[in-house]
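Q: Could you take a close look at one part of this model for me, a strand and whatever surrounds it? I'd like to follow it residue by residue where that's possible, and then see what lies further along the chain.

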Amino acid sequence: DTAELYAGGFSEEIVGKVIKDCRKSIFVATKFSPGRSTYREVLESAEGSLRRLDTDYIDLYQVHWPNPTVPFYDTIRALDKLRSEGKVRYIGVSNFSLEQLEELCSLTSIDSVQSEYNLFDRTAESNILPYCQEKGLTFIAYSPLDQGNPISNSEGLDLLKFLSDKYNKTVSELVLNWLVSHSPVVAIPKASSTEHTRRNAYSADFKISDSDVGRIAAAFTTKVELVSVDRIRVITGGQGDREVYKTIAEAVENSLGLIPSPVDLASSMTSATILKPVRVIKTTDTTGRYDYDLVEGRIRYWAWVIANESKLPIPVISRN
């Protein structure tokens, strides 16, 4: 799973070199950037990905993020053309809300939906995953091990360690197996070594009992809270250490050129919906002004503030 956005296309070049002698046994998924969502741009992006991957077809071509400034119909025309020409075998989307997914599926047939899904953030179970199950769409879980963040739920961690001993597997293998036990989930974990890759693959080689699947589910519940936006401090650093807008004026200006911009994302929101909750931690601020620090979901945060004029509390998940 790669994208033209990753390292400016260099990721695709590396994948292309690796798969050159075993192309037919590899399933290649890539994505086009949200800033290239018009009919012409999608076709151009696909040609660029085919060239960098050094292949004549892409197994799964995905919308990386929906672009609120481009009608879905314009994007879909290009994807349908690529599929009819055999340059793309399957079409998928990533980071879509349920409402966007329903609109898209009314225009064409798609094959997969990629969304974050792990023991910390199980919000996909409330809408996206059931929709995929109903429509027969493959659900691709990204960040299935929560980007390597340690599990702070001590009772849950004790249970995972107990079950990993029971099944003679690592905790990571157990978690990945639990995720893919939910049909039609496919997990795409990161691998930083050959052994890491092997372990990820081994996670599909055993079956957790239904009772143990239920025990893990009961031990890891995702609590979504509603928090007033003015009680959340936007900090530098945070998850991924990305640049961040500190004020609503900066978010509206969008000097970093983010696509979709906070304003564009705000225009696609209704007052009560958001793609997924933002992530916060208990604040380190000592002034008493804030309760939480924002660590992930900054564009969504500012889009929510703009869309709701700072009046509605925002859905959050709190890290320990």
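A: One term first: two strands count as paired if DSSP finds at least two bridges between them. And a reminder that what you're looking at is a predicted model.

Let's take strand β5, residues 138-142. It belongs to an open sheet of six strands, ordered β1-β2-β3-β4-β5-β6, with parallel pairing. The edges of that sheet are β1 (29-32) and β6, each of which pairs on one side only. From one strand to the next, the twist averages 30°.

So who are the neighbours of β5? On one side there's β4 (residues 112-116), running parallel to β5 and joined to it by five bridges. On the other there's β6 (residues 185-188), also parallel to β5, this time with four bridges. A good residue to hold on to is I140. It is the bridge partner of Q114 in β4, and it also stands opposite V186 in β6. Move along to A141 and you'll find A187 of β6 opposite.

Is β5 covered or open? Mostly covered: four of its five residues are buried.

A helix comes into this picture too. Helix α5 (residues 128-135) forms a right-handed β-α-β unit together with β4 and β5. Helix α5 packs on the sheet, where it touches β4, β5 and β6, and its direction makes about 150° with that of β5.

Now look at the loop between β4 and α5, which is where F120 lies. Leaving aside residues up to four places away in sequence, F120 touches D146, T222, R279, I317, S318 and R319. Two of those contacts, R279 and I317, are worth following, as they are bridge partners of each other, with I317 in β11. For a sense of distance along the chain, F120 and R298 are 178 residues apart, while their C-alpha atoms are separated by 18 Å.

That takes us over to another sheet. Here five strands make an open sheet in the order β7-β11-β9-β10-β8, and the pairing is mixed. Its edge strands are β7 (225-227) and β8 (232-234), and each pairs on one side only. The twist in this sheet averages 50° from one strand to the next. The mixed pairing is easy to see if you go strand by strand. β9 and β11 pair in the parallel sense over four bridges. β9 and β10, on the other hand, pair in the antiparallel sense, again over four bridges, and I281 stands opposite D293 of β10. Then β8 and β10 (residues 292-296) go back to the parallel sense, over three bridges, with I232 opposite Y292. Helix α12 (residues 298-308) packs on this sheet, touching β8, β9 (278-282), β10 and β11 (314-319), and its direction makes about 120° with that of β10.

Back towards β5, there's a pair of helices to look at in the stretch of chain leading to β6. The axes of α6 (residues 154-167) and α7 (residues 171-180) come within 9 Å and cross at roughly 90°, which means α6 is roughly perpendicular to α7. From α6, the contact uses L160, K161, L163, S164 and Y167; from α7 it uses V171, L174 and V175. By class, those residues are six nonpolar, one polar and one charged.

Compare that with a helix pair at the start of the chain. Helices α1 (residues 10-19) and α2 (residues 39-53) pack at an angle of about 45°, with axes 7 Å apart, so α1 is oblique to α2. E12, E13, V15, G16 and I19 of α1 meet S49, R52 and L53 of α2, and this contact has three nonpolar, two polar and three charged residues. S49 deserves a click: it counts as buried because its relative accessibility is 0%. Not counting residues up to four places away in sequence, S49 touches E4, E12, T30, I58 and Y61.

Key:
Residues numbered from 1 in each chain as written. Predicted model: local features only at pLDDT ≥ 70, side-chain atom pairs only at ≥ 80, totals over all residues. Heavy atoms only, no water. Helix = DSSP H or I, 4+ residues; strand = E, 2+ residues; numbered from the N terminus. Axes fitted to C-alpha atoms, helices over the stretch in contact; angles between N-to-C directions. Contact = heavy atoms within 4.5 Å. Parallel < 35°, antiparallel > 145°, perpendicular 65-115°, else oblique. Nonpolar A, V, L, I, M, F, W, Y, C, P; charged D, E, K, R; others polar. Buried < 20%, exposed > 50% of the residue type's maximum accessible area, 1.4 Å probe, protein only. Right-handed = clockwise from strand over helix to strand, strands pointing away.
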